[in-house]
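Subject: Structure for you to look at

Hi,

Here is the structure I promised to pass on. Please open it first, then read my notes below.

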Amino acid sequence: MKKKIIITVVCVILAAACGVAVWKFVSPGDESESDSEMMLYADSVGLLTGTGLGAQNRFAGVVEAQNTLKIQLESDQTVKDILVEKGQSVEIGTPLFEYDTEDMSLKLEQANLELEKISNSIDTINAQIEELTKAKKKAPASEQLSYTTQIQEAQMNVKQEEYNYKVKELEIDRLKKSMESSVVSSTIAGIVQEINEKPTYDNYTGEMQSFMSILGVGKYRIKGTISEQNMQNLFPGTPIIVHSRVDETITWTGVVDSIDTEKPISGNTSGVYVEGSDSSTQASKYPFYVTLDSSDGLMLGQHVYLEPNLGQEEKTGMWLMSPYIVQDDGDPYVWAAGEGDKLEKRTLTLGGYDEEMDTWEILDGLKASDYIVWPSEDCKKGASVQKNIGGISGGMGSGGTEMIPAGAEDGIIPEGEEDIITPDGGEVVLPEGEDGVVPEGDGDAPVEDLGAIEDQDGEESAGGETPLETEAAS
């Protein structure tokens, strides 16, 4: 998995380098132009090594039940009594509601009468067929065809009535079973999430609402959201680290189970502006689901951060892909953007080598805030360098900033609840009137439909001031 991610990043960089080379070859220009004037593109060391990035690739997530029981009402039945209420805990076998059996009794009686009527109709038609058959035997040859046609038509009517008889029998059988089990009970242990006494079509999905839904307890998963701009960062099977929003040292692990591209959440819902980004861009977002290795310590409705597990918890330090490092007869070095964005050699002190990842540990010579160039024949001291501020992992704003909604279920930020993380110094401009303080109703509040469920991390969701979380690049 790690090697696949590294290969992807290398391919992106190689593609960019090839593009520059092709542009150089086909672009008209003065052949006498000095090599020092050739523009080269430099990538952030922080992005390449995964250091100084803070929450660059983090996504908002919320804990939800792995299993959900959705109950639809029978179209021809009415509810007599609802036996539970929203937010109530239920066990397997807990009665939920009761159908009106009086109405079903009337329907059953009517169905029996219709079944008897169909049976009498079949008997009548069979009697007609018998009479037509006798008459045909005595009729002259000129009338034989007419009798044959009448008999065949009557036989078809019998077949149709026999079909109607079977359908009505099934209806009667269903009504009898419904009367015998007029009280509907829960088949899972969980919490009653919603009760729609008069279900309508959901404006978002276009589907009919469930009469009642129950969130299962005991086995959780994480629901997150990802935009179309950074869809390449996740795919089914990606290992994930789940972070507590209150205590960074508390984590869980899991893998991406699926990304639901069939139900996009459209629109720009960030509510904040990042300098250098296009505020008019409308990016679709999609829900994705993470299956946990263990859900111990998590609570239903708890908000968390999600990030791809690239092995950042397995080793420390700065590890750079070896193709960036020039190792000839002398000391190892990289081509870096120096003063005035001019190219210079930067001598490195190397540590260990990771053969699986093809990376070297950088002990000295580079910082996360530096920018380096892919080595090529165009790399010469003093050449002009253009820094790739947008980074190499899509969906980022200026300075590699990504906005993570605080307290926003499904990645949608409620009004006045912005939580902005600027991992490598990207400047963030808040909308007019915002001062970086999260008002009452902060993001770790549980899901609204679940009632008052305390956040597992013990943080109170109302009151207090939460400053902006800023993590500058080292």
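Start with the strands β12 and β14. They run antiparallel, and five bridges join them. One pair to look at is Val256, which stands opposite Val290 in β14. Keep in mind that this is a predicted model.

β12 also has β11 as a partner. These two pair in the antiparallel sense, again over five bridges. They form a hairpin, with six residues between the strands. Within this pairing, Val242 stands opposite Trp252 in β12.

Now go to the other partner of β14. β10 and β14 pair in the antiparallel sense over seven bridges. Look for Thr225 there: its bridge partner in β14 is Pro287. β10 in turn is joined to β2 by five bridges, and these two strands run antiparallel. Val63 has Ile222 in β10 as its bridge partner.

Is β10 buried or exposed? Seven of its eight residues are buried, so β10 is largely enclosed by the rest of the structure.

The core

These strands come up again in the largest nonpolar core, which has 22 residues. The members that touch the most others are Ile222, Leu234, Val242, Phe288, Val290, Leu298 and Leu306. Which elements give two or more residues to this core? They are β2 (59–65), β10 (220–227), β11 (239–244), β12 (251–259), β14 (285–292) and β15 (303–308). The largest share comes from β14, with four residues.

Some names should look familiar by now. Val290 is the residue opposite Val256, Ile222 is the bridge partner of Val63, and Val242 is the one opposite Trp252.

The helices

Next, turn to α3 (residues 101–138) and α4 (residues 144–180). The two helices pack at an angle of about 160°, with their axes 8 Å apart. Angles over 145 degrees count as roughly antiparallel, so α3 is roughly antiparallel to α4. Their crossing is left-handed. What kinds of residue make up this contact? There are 18 nonpolar, 14 polar and nine charged residues in the contact of α3 with α4.

A four-stranded sheet

There is also an open sheet of four strands. Its order is β3-β9-β8-β5, and the pairing is antiparallel. Which strands stand at the edges? β3 (68–71) and β5 (89–90) do, each with a single partner strand, so one side of each is left without a neighbour in the sheet. For β5, look at strand β8 (residues 190–195): two bridges join them, and they run antiparallel. Val90 has Gly190 in β8 as its bridge partner.

Two backbone points

Last, check two aspartates. Most residues other than glycine have a negative phi. Asp341 has a positive one, near 55°. Asp341 is found in the loop between β17 (333–337) and β18 (343–347). It counts as partly exposed, at 30% relative accessibility.

Asp358 also has a positive phi, near 55°. Asp358 lies in the loop between β19 (349–354) and β20 (359–364). At 30% relative accessibility, Asp358 counts as partly exposed.

If you have time for one region, try the core around β14, which gives four residues to it. Then follow the bridges from β14 to β10 and to β12.

Best wishes

Methods
Residues numbered from 1 in each chain as written. Predicted model: local features only at pLDDT ≥ 70, side-chain atom pairs only at ≥ 80, totals over all residues. Heavy atoms only, no water. Axes fitted to C-alpha atoms, helices over the stretch in contact; angles between N-to-C directions. Parallel < 35°, antiparallel > 145°, perpendicular 65-115°, else oblique. Left-handed = near helix turned anticlockwise from the far one by under 90°. Nonpolar A, V, L, I, M, F, W, Y, C, P; charged D, E, K, R; others polar. Pairing = 2+ DSSP bridges. Core = buried A, V, L, I, M, F, W, Y, C linked by side-chain atoms within 4.5 Å. Buried < 20%, exposed > 50% of the residue type's maximum accessible area, 1.4 Å probe, protein only.
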